[in-house]
Amino acid sequence: MFFEFGIKDIIDIVLVAMMLFYVYRLMKESRSLNVFMGILVFIVLWLVVSQVLEMKLLGSIMDKLVSVGVIGLIILFQEDIRKFLYNLGAHQRIQALRRLFSSGYKGGEKENLKQVIIPIVMSCMSMSKKKVGALIVIQRATPLDDIVATGESINANISQRLIENIFFKNSPLHDGATVIADGRIRAAACILPVSHNLDIPKELGLRHRAALGITHESDCIAIVVSEETGGISVAIRSEFQLRLTAEKLESILTQEMK
C-alpha cells in the first residue's frame, strides 16, 4: 500500500504545529512550561507503549490516565484556558461581527460620550493631585452584573464630585471598585477578581492587580489612581498603560468607548 500524502495532510500538520506552538507560548507566559513538557513526555511514552510496543496491560492503564488526565488539565489550567478563549473572542474581527448584532456601548454618541468621559478624567486628576486611591471600572460589551452585585447600588448620574466623594478616604465606599455602565454610576465598593500574574511590577499594589484581574474576564476598562504615588493607570485587555496625563487618559477613553 502506498502512503498517500496530500495537501490536506500538510494543512493538518501545520495546524497541529501552530496549536502546539501557541500552547507552548501560553504555558511559558504562565510559568507552567515544566508542566507542559511533562505532558508532552507522557504523551510520547503513551504512544510508544500503546502503538509501537503494543503493551496491552500498560497501554490500557495509560489510556485510563489520559482520559482522566484531560479533566485534570482543564481544572489545573482553567485560568489559562479562560484567557485563551477570551483572547479568541476579543479578536478584532470577532468584535466587528459582534457589533453587527449588538448595540455596543449605550450613549456612544459624541456628546453623551463627553458627558461620561470628562467627569471621570477630571475626578482622576483631582484624586491624583491629592493622592487619593481609586479604582473605576467602565463596562463595555460584557455585562458586569455579577461584579455590581458585590457592591453597594448607587445608580446615579456621573459627576466629578460624586466620584471624588465615593473615594474620599473616610468614606465607607472608598474600598473596592466603582462600576460605571450605560452612562451611570451603577455601584461602589465592588469586589474584583485579583490577577496572580507574577510579571506585574512589585511597585503596583492590590488595586492594580484587581484592575488587571477584571480585564482578564471581560472587555471592560479599569482605571487606577495610586494612593502612594498619585499615578494614573489604565488596564485594557490584560495590559497596563501607566503614568497617564489627563490628555492621554481622555484620548484612551474616547478611543476605547466608541
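The following paragraphs lead from the overall make-up of the chain to its sheet, and then to helix H9 and the residue His 216.

The model is predicted. Its chain has 258 residues, of which 35% count as buried. The secondary structure consists of ten helices and seven strands. Among contacts in the chain with a separation of 6 or more, 59% join residues that stand 24 or more positions apart. The accessible surface amounts to about 16600 Å², and carbon and sulfur atoms contribute 61% of that area.

The seven strands of the sheet are arranged in the order E2-E4-E3-E1-E5-E6-E7; the sheet is open and its pairing is mixed. Its edges are formed by strand E2 (152-157) and strand E7 (239-241), each of which pairs on one side only. From one strand to the next, the twist averages 20 degrees. In general, the strands of a sheet pair through backbone hydrogen bonds, in either a parallel or an antiparallel manner. The pairing of strand E1 (residues 134-138) with strand E3 (residues 177-181) is parallel and extends over three bridges. Within this part of the sheet, Ile 138 has Ile 180 of E3 opposite to it.

Two helices can be placed against these strands. Helix H9 lies across E1, strand E5 (221-225), strand E6 (232-236) and E7, and its direction is at about 175 degrees to that of E5. Helix H10 (residues 246-256) also packs on the sheet, where it touches E1, E5, E6 and E7. The direction of H10 makes about 20 degrees with that of E6.

Helix H9 merits a separate description. The helix spans residues 206-217. Its twelve residues reach 17 Å from the first C-alpha to the last, close to the 16 Å expected at 1.5 Å a residue. Which residues of H9 are buried? They are His 208, Ala 210, Ala 211, Leu 212, Gly 213, Ile 214, Thr 215 and His 216. An α-helix has 3.6 residues a turn, so residues three or four places apart point the same way.

His 216 brings this description to the level of side chains. The residue is found in H9 and is one of the buried residues of that helix. With which side chains does the side chain of His 216 make a polar contact? One partner is the side chain of Ser 195, at 3.3 Å; another is the side chain of Ser 238, at 2.7 Å. His 216 is thus a buried residue of a helix that lies across four strands, namely E1, E5, E6 and E7.

Methods
Residues numbered from 1 in each chain as written. Predicted model: local features only at pLDDT ≥ 70, side-chain atom pairs only at ≥ 80, totals over all residues. Heavy atoms only, no water. Polar contact = N/O pair within 3.5 Å; in protein donor to acceptor, adjacent residues only side chain to side chain. Buried < 20%, exposed > 50% of the residue type's maximum accessible area, 1.4 Å probe, protein only. Contact = heavy atoms within 4.5 Å. Areas by Shrake-Rupley, 256 points an atom, 1.4 Å probe, with all protein chains shown as cover. Pairing = 2+ DSSP bridges. Axes fitted to C-alpha atoms, helices over the stretch in contact; angles between N-to-C directions. Expected span 1.5 Å × (residues − 1).
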